[in-house]
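Please look over the structure shown here, and then work through the questions and answers that follow.

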Amino acid sequence: MPKTSKTNPQGYLYFPGCSLKATGAAYEESMLELFRSLDVPVEELDDWNCCGATSYMAVDEDSAFLLSARNLSLAHKAPGKRDLLAPCAACYLVLRKTQEYAKKYPSIKKEVSDSLNAVNLPGMNSVKVRHPLEMLYNDVGLDAIKSKVKRRWRGGQVACYYGCQAVRPFDEVDRPLNPMRMDELMRAAGIPTVDYSLKTKCCGGSLTGTIHDVGVRLNYILLKEAVRKGAQAIVTICPLCQFNLDTYQKEITKATGEHFDLPIFFFTQTLGWALGGEIDKLGLKRCISGRSQVKDWMMSREEVESYV
Amino acid sequence: MSEAKRTIRVGVYICHCGHNIGAVVDCKAVADYAANLPNVTIARDYKYMCSDPGQEMVQQDIKEFQLDRVVVASCSPLLHEHTFREALAHGGLNPFYLQMVNIREHDSWVHTDKDAATEKAKDLVRAAVRRVVLHKPLERRQVGINPNVLVVGGGIAGIHAALTLANAGKKVILVEREPTIGGHMAKFDKTFPTMDCAACILTPKMSQVRNHPNITLWTLSEVTKVEGYMGNYKVTVKRWPRYILEDACIGCQECIDACVFKEGKTEDAFNEGLAKRKPIYIPFPQAVPQTVVIDPAACIQLKTGRCKKTCVEACGERKAIRFDMQETDQVVDVGSIIIATGYKTFDAARMPDLGYGIYPNVYTALEIERLVNASGPTAGEVVLRDGSKPQSVGIIHCVGSRDARTNPHCSRVCCMYSLKLAHLIKEHTGAEVFNFYIDMRTPGKGFEEFYQKLLHEGVHMIRGKVAEVTDWALDPTEEGKLILRVEDTLAGFVRRIPVDMVVLSTGLEPQEDANEVRRLFNISCSPGGFFLERHPKLAPVSTFSDGVFLAGCCQGPKDIPDTVAQAGAAAAEALALIDANVQELEPNTAFIVQEECSGCKTCIPMCPYSAISFKEDLKVAYINEALCKGCGTCVAACPSGTIKQNLFEDEEIYEEIKGVLNYA
């Protein structure tokens with residue numbers, strides 16, 4: 001087995017946030033199953049609270065920083081010097097932003113540390129916040145992934161879609177303008193990807209709930225281009241992207257007359273499947289769109305047993 | 001009566017500088033105060049001390065009152081110290097018996113409280129009077145000027161400077177690191193706004209360089225070491241092997257045809273990588289010297305020693321090919337140096353949102369220059385990578401210029417060359433051409449007229465910074481096209497413009513190794529990394545190293561007319577230096593009292609001008625006064641206080657401090 005793994009033998013902490021416990025449950029399930037296949041121990045952060053993202057940041061920045069800081073401090077306090085994985089792009093961004101702002105602005109730093117001291121929680125900036133995409137790419141490595149592939153992908157080509165929050169403004173997850181790491185991971189697992197120019201364009205975010213038409217149109221553009229490029233599914237790293245793309249396909253089909261029925265995966269689902277994860281533990285049944293393809297490609301007896 | 005035997009007599013002159021000083025400082029009161037200071041024989045105030053009557057007043061007083069020292073309180077010594085030193089000399093005093101007091105920049109211009117400003121002026125004058133008494137007579141020293149000139153860089157700037165000097169009868173060594181001279185200009189097809197053929201105006205000058213008896217041309221050569229000082233530089237040049245004897249090669253190029261490589265395999269840098277060349281090649285048809293060159297990284301013989309050497313056979317009796325050539329170091333003595341090392345274009349791949357390196361039909365402007373050029377890889381056809389002609393072309397301005405993410409500066413030439421390319425592309429292909437600009441900058445002679453002409457030709461001008469070049473198609477008209485997404489700031493909405501070809505008008509940046517070159521010649525850089533001129537307005541081709549001049553884009557982005565003008569100016573500065581024959585050196589240098597030096601060598605690495613060396617026989621340090629700029633670093637560093645500096649000896653400085661504090 002190639003010696004490329006740089007994973008921490010102590011394992012990793014992970015911060016699920018609200019999404020992974022609700023609409024993005026498939027993300028949590030498949031991620032945990034993937035890490036089991038890779039023998040990488042992960043542990044849910046104890047007593048975590050809301051990350052402070054989305055409306056919080058816009059309405060009450062101070063509270064957002066404090067919410068985020070508490071989670072960081074809990075990770076700091078947890079035994080072992082473990083990095084904190086934040087699979088949700090919004091959580092990842094707000095955790096990183098809190099660290100950077102507390103470093104950059106003395107007033108924020110003071111407020112945060114005063115509040116943390118009041119509840120007897122120590123510092124937070126020593127915690128390294130990681131995204132699983134970057135962790136899999138850097139710590140586990142492409143060679144290790146390649147060597148552990150257990151199932152041969154017979155599904156269609158996929159478009160890797162990164163969204164906006166994980167790659168901007170911090171460039172630790174991947175290159176902000178032309179990220180490729182998800183593509184490389186998919187290819188390492190034997191899953192063909194297409195060149196997808198819209199990989200970091202807007203999914204509509206919460207606009208699908210507020211200015212619905214605009215939000216849905218943005219999803220339409222993403223779906224249409226993926227199909228045009230020959231993709232039969234889209235793979236994501238963000239629960240909100242996945243939710244938006246997965247949920248409105250019927251509505252878009254009705255509005256445009258163009259038929260869309262593509263499976264929208266979390267990258268941990270396809271990767272976890274290829275690495276031999278238990279089918280029932282990858283959250284595949286939670287897919288809304290493209291259900292028959294998911295069944296054909298990934299859940300039929302023959303596919304499940306098609307060990308490489 | 002000799003000076004030592006009587007009290008030293010000081011004259012003090014307070015200048016009003018019109019209202020500049022007079023409106024804030026009570027000059028009369030300062031003069032009255034000064035008149036009562038010890039040693040002061042005469043103190044006056046006057047409206048303009050720098051005027052002829054002001055200077056004559058000083059000269060007359062020197063004679064009438066037998067003055068030994070003079071204090072002038074006026075502006076900064078940067079401006080008029082020379083004037084007043086000359087006045088002293090004309091009055092019969094050693095010019096260094098002068099001390100200036102800056103009561104303008106340091107006082108009247110920065111204060112509003114008149115009483116306090118007047119008191120400050122008195123304090124400063126008192127300090128100067130106490131200091132000037134200790135001044136010693138100093139002599140300016142003269143050094144000879146070697147009339148030979150080194151020109152570094154063989155682009156249009158270096159070529160023009162070299163020819164100007166050579167035509168004036170001076171010997172020039174022109175050093176170029178590429179196998180041919182010509183620089184960027186040799187790659188251009190036409191020049192804006194006159195649309196002269198670039199090669200037609202450049203290549204005659206290149207031939208003149210080759211044939212001029214006063215010019216020694218060294219290609220494949222780089223300066224590696226510079227020692228000495230103005231008028232007397234010793235320069236080491238590394239000369240890389242060409243593997244061809246320049247004198248024996250007649251440029252017949254039969255060896256190229258005979259090379260074992262039937263097809264070129266190496267990226268042709270002259271054609272911006274759009275074509276391939278063989279290991280033995282000539283960069284372009286009019287290259288100077290008109291001599292082939294062998295690329296050691298590609299030649300089988302040079303890499304493995306096992307080649308059939310068909311090139312040598314083809315060369316036959318001329319025996320010009322020499323695989324055993326080695327690099328050599330040559331040392332030349334010159335008096336002045338002109339740096340004309342040029343620029344590099346911005347690497348478009350640094351902005352992946354514009355698609356360079358991602359979509360094949362995104363080109364840089366320099367690549368298009370080669371495509372439209374008759375001697376280029378497509379013999380002048382502007383075609384896409386698949387060989388077809390583009391129907392529509394988008395030209396994006398300011399790529400790597402005026403952008404907080406890359407370079408803040410305007411590259412000055414891109415607006416105009418973009419217009420030129422728009423015209424040429426339209427002429428060659430008939431395509432519809434869109435220019436995307438932030439602002440149009442057309443300040444040169446005939447530039448705005450050229451812009452207007454292009455508008456009449458029907459080139460579309462869209463004011464907006466392009467957000468991205470992409471291939472995602474919204475409707476069938478966009479299929480297979482490159483789509484430019486841009487906010488049209490004149491029309492006020494976001495547009496999607498599908499085109500076949502995108503041209504990125506990349507900006508100009510300092511050369512990759514500008515910083516090493518800067519250190520080599522001991523000159524400075526501006527914040528963007530281009531070389532710094534001595535004064536942006538009044539010494540635009542000089543540097544802070546005397547005898548080293550700048551020409552062309554190494555000093556900052558500029559077009560060909562400005563480059564040539566600057567090259568001429570640099571040549572004129574060098575000529576002025578040469579024809580002066582000798583140069584006077586200011587005596588405010590440091591010197592070492594040799595008997596007291598312990599030889600600890602602390603000072604040697606401190607000197608920013610490498611002026612200090614170690615005399616092994618005497619075990620003492622020695623300062624070359626011609627190199628010393630009088631910065632005082634070594635004086636402060638010397639642990640035994642053995643290094644002194646003329647005009648800044650400890651006693652002089654202490655007395656000045658005591659004076660300003662009114663300390664007995």
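**Burial, core and contacts**

Q: What percentage of the residues in chain B are buried?
A: Residues are numbered from 1 along each chain as written, while chains are lettered from A and ligands numbered from 1 in the order written. This is a predicted model, in which local features need pLDDT of at least 70 and side-chain atom pairs pLDDT 80 or more, while totals for chains, interfaces and linings use all residues. A residue is buried if 20 or more other C-beta atoms, placed from the backbone, lie within 10 Å of its own, exposed if 12 or fewer, and partly exposed in between. Of the 664 residues in chain B, the buried share is 45%.

Q: Which helix gives the largest share of the largest nonpolar core?
A: A nonpolar core joins buried Ala, Val, Leu, Ile, Met, Phe, Trp, Tyr and Cys residues through C-beta atoms within 7 Å. The largest one holds 221 residues, and I338(B) is among those touching the most other members. Helices are DSSP runs of H or I with at least four residues, and strands are runs of E with at least two, numbered from the N terminus. The largest share of this core, nine residues, comes from chain B, from residues 414-429, helix α13.

Q: How many residues of chain B are in contact with chain A?
A: Two residues are in contact if their C-beta atoms, placed from the backbone, lie within 7 Å. Chain A contributes six residues to these contacts, and the number from chain B is seven.

Q: How many strands are there in chain B?
A: The C-alpha atoms of chain B fill a box of roughly 95 × 70 × 45 Å, taken along the principal axes. Besides 19 helices, the number of strands in chain B is 34.
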